[in-house]
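This report describes a single protein chain, starting with its sheet and moving on to helices, a cis bond and pockets. Please read it beside the sequence and the structure shown here.

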Amino acid sequence: MNNTNETPHAIAVAGASGRMGKMLIEAVHNADDCTLSGTLDIGCDLRESLKGSQALIDFTRPEGTMEHLAVCRELGIAVVIGTTGFTEAQKADIAVIAQSIPIVMAPNMSVGVNVTLKLLEMAAKAMATGYDIEIVEAHHRHKVDSPSGTALKMGEVIADALGRNLKDCAVYTREGITGERDPSSIGFATIRGGDIVGDHTVLFAGTGERIEISHKSSSRVTYAQGSLRAVRFLADKKSGLFDMFDVLGLR
C-alpha cells in the first residue's frame with residue numbers, strides 16, 4: 001500500500017489505444033502508488049500529453065519510441081521501453097539518450113521471463129559442451145518482428161554465458177540440404193498464429209537426454225506489472241540504461 005504522505009508515480013502510457021496500452025492503463029489505475037498522467041497515441045501533441053509525467057511506459061514501434069525518447073530527454077522524463085525490433089543504430093542512440101535520463105529497456109518486462117533468463121544463464125554455463133541449443137518461440141498473428149525480442153534476448157544471455165557472440169553463432173533459417181549441425185550454433189524457430197500471447201522454450205539437446213526450459217504467457221498483465229516495477233526502480237535514478245535484471249536484483 002502507498003503511504004498517504006508519498007506522491008504517486010505520475011505515469012504516461014504510449015500506444016494507449018493498443019492491446020498493451022490498454023492493459024498498462026488498467027494496471028496504472030489499479031496500482032495504489034501510481035497515477036495516469038497522460039496517454040500518447042497517433043497524432044497527439046507529445047509535449048502536452050507528457051506534461052506533469054515522471055515516467056513514460058512505451059510498448060509501441062521503434063520509430064515511435066525513438067520520437068518519444070527525444071521528447072522525454074528534453075523534458076527530463078524517465079522511460080520504460082518494452083518495444084522490440086530496434087536496429088543496432090537505434091540501440092546506440094538509446095544508450096546516448098540514457099546519459100541524460102534514466103531508462104529501463106527490456107524485450108520482456110515479465111518477472112517470470114527474467115527469472116527464466118537467469119536460469120538459462122546458469123544452464124548454459126553448466127552445459128557448455130555436448131548440448132545443442134535451440135530456441136522456439138510462438139506469438140499471435142499480429143506480431144510484426146521475428147524472432148521475438150525475448151527469444152533474441154534468450155540467445156544473447158546463452159551466448160554470453162558461453163563466451164560467444166550471438167551474431168556469429170545464431171541460425172535463423174533452415175531449408176533444403178543444410179549439412180550437419182554446427183555444434184557451436186544457437187538455432188531459432190518461430191511460430192505465428194492465433195492469439196498466442198507469448199511462448200518461449202529453450203532446448204538443450206544432449207546425447208541421451210534433453211533439458212527444456214520454458215515460459216508461457218497467458219496474459220499481458222505480467223508485462224504491465226513488470227513495467228510498474230521498472231517505474232518504481234527508476235524513481236530515484238537521474239540517468240543510466242538499465243534492464244529487468246537490474247530492476248529485479250538478478251545481477
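Strand 6, at residues 132–139, is mostly covered, since six of its eight residues are buried, where buried means under 20% relative accessible area, exposed over 50%, and partly exposed in between (1.4 Å probe, protein chains only). Helices (H or I, at least four residues) and strands (E, at least two) are DSSP runs, numbered from the N terminus. The model is predicted, so local features need pLDDT of at least 70 and side-chain atom pairs count only at pLDDT 80 or more, while totals for chains, interfaces and linings use all residues. Residues are numbered from 1 along each chain as its sequence is written, and side-chain values use heavy atoms, with hydrogens and water left out.

**The sheet**

Strand 6 belongs to an open sheet of five strands in the order 7-8-6-9-10, with mixed pairing; two strands pair if DSSP finds at least two bridges between them. Strand 7 (170–171) and strand 10 stand at the edges with a single partner strand each, so one side of each has no neighbour in the sheet. In general, strands of a sheet pair through backbone hydrogen bonds, either parallel or antiparallel. Three of the pairings are set out below.

| Strands | Bridges | Direction |
|---|---|---|
| Strand 6 and strand 9 (residues 198–205) | Seven | Antiparallel |
| Strand 6 and strand 8 (residues 186–192) | Seven | Parallel |
| Strand 9 and strand 10 | Eight | Antiparallel |

Individual partners help to locate these pairings in the model: isoleucine 133 stands opposite phenylalanine 204 in strand 9, alanine 138 has isoleucine 191 of strand 8 as its bridge partner, and threonine 201 is bridged to serine 214 in strand 10.

Where in the sheet does alanine 170 lie? Alanine 170 is placed in strand 7, and it is buried, with a relative accessible area of 19%. Not counting residues up to four places away in sequence, alanine 170 touches Ile186 and Phe188, contact being heavy atoms within 4.5 Å. The C-alpha atoms of alanine 170 and leucine 40, which are 130 residues apart along the chain, are separated by 36 Å.

**Helices 5 and 8**

The expected span of a helix is 1.5 Å times one less than its number of residues. For helix 5, with 16 residues, the expected span is 22 Å, and the end C-alpha atoms are 23 Å apart, which agrees. Its buried residues are Val113, Asn114, Thr116, Leu117, Leu120, Ala123 and Ala124, and what covers them includes helix 6, strand 9, strand 10 (210–217) and helix 9.

Helix 8 (residues 221–234) has 14 residues and should span 20 Å, in agreement with the 20 Å between its end C-alpha atoms. Among the buried residues of helix 8 are Tyr223, Leu228, Val231 and Phe233.

**The cis bond and helix 6**

Most residues other than glycine have a negative phi, and most peptide bonds are trans. The peptide bond from serine 146 to proline 147, however, is cis, with omega near -10°, and proline 147 has its place in the loop between strand 6 and helix 6.

Glycine 149 is in helix 6 and is buried, with a relative accessible area of 11%. Leaving aside its neighbours within four places in sequence, glycine 149 is in contact with Thr84 and Pro107. The C-alpha atoms of glycine 149 and aspartate 132, 17 residues apart along the chain, are separated by 21 Å.

**The largest pocket**

A pocket is an open set of points on a 1 Å grid over the protein atoms alone, where a 1.4 Å probe fits, with protein on both sides within 12 Å along at least five of seven lines; lining residues have an atom within 4 Å of a point. Grid points are joined across faces, edges and corners, and a volume is the space filled by probe spheres set on the points.

The largest pocket has a volume of about 1,000 Å³. Of the 37 residues that line the largest pocket, Arg19, Met20, Phe59, Thr60 and Arg61 are the closest to its centre. Helix 1 (19–30), helix 3 (62–75) and helix 6 (149–161) are the elements that give two or more residues to this lining, and helix 3 provides the largest share, four residues.
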